[in-house]
Amino acid sequence: MWDGLLVGVGGFFGAIARYCSSQWIAGRVSSRFPYGTLFVNLLGSFLLGFIIGGKWGTSIYLLFGTGFMGAFTTFSTFKVDSLQLAKQKEWRVLGLYLGISYLFGILFAFLGYTIGAWING
């Protein structure tokens with residue numbers, strides 16, 4: 001019961017943070033490139049790596065890792081953005097989006113993991 005509550009509370013705040021972040025970026029950048037989705041996914045990759053690398057404990061992982069980061073990052077929006085770019089035949093933008101998302105997502109997760117392990121370690 002407690003674990004589920006931690007995930008739920010984290011998810012509530014993660015979803016709000018994602019919405020606010022996306023709206024903030026959309027208000028400042030007008031482009032076909034999905035900067036809002038890219039931003040939350042790269043930041044989420046770094047922070048989840050940081051949480052896992054730091055080994056902060058089960059409650060912290062459930063609240064921030066599973067709950068907050070689960071709702072903050074968005075794999076489904078990433079896929080829909082990619083599909084829309086393909087339907088619009090924006091091949092260059094799609095390639096750039098996929099390349100940055102995967103390459104830097106993994107790199108940021110590794111960087112977060114390394115920093116978390118170094119701080120807690």
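A: Quick definition before we start: accessible areas come from the Shrake-Rupley method with a 1.4 Å probe. This is a predicted model, where local features need pLDDT of at least 70, side-chain atom pairs count only at pLDDT 80 or more, and totals for chains, interfaces and linings use all residues. Residues are numbered from 1 along each chain as its sequence is written, and side-chain values use heavy atoms, with hydrogens and water left out.

Q: OK, so how much area does the protein chain expose?

A: About 7,600 Å², with carbon and sulfur atoms supplying 71% of it.

Q: And how many helices and strands does the chain have?

A: There are 5 helices and 0 strands; these are DSSP runs numbered from the N terminus (helices H or I, at least four residues; strands E, at least two).

Q: Which residues make up the largest nonpolar core?

A: Phe33, Leu38, Leu42, Phe78, Leu85, Val93, Leu94 and Tyr97, 8 residues. A nonpolar core is a set of buried Ala, Val, Leu, Ile, Met, Phe, Trp, Tyr and Cys residues joined through side-chain atoms within 4.5 Å, and buried means under 20% relative accessible area (1.4 Å probe, protein chains only).

Q: Which helix gives the most to that core?

A: Helix 5, with 3 residues.

Q: What does Phe33 touch?

A: Leaving out residues up to four places away in sequence, Phe33 touches Leu38, Val93, Leu96, Tyr97 and Ile100. Contact means heavy atoms within 4.5 Å.

Q: Switching topic: what percentage of the residues is buried?

A: 33% of the 121 residues in the protein chain.

How values were computed: Buried means under 20% relative accessible area, exposed over 50%, partly exposed in between (1.4 Å probe, protein chains only).
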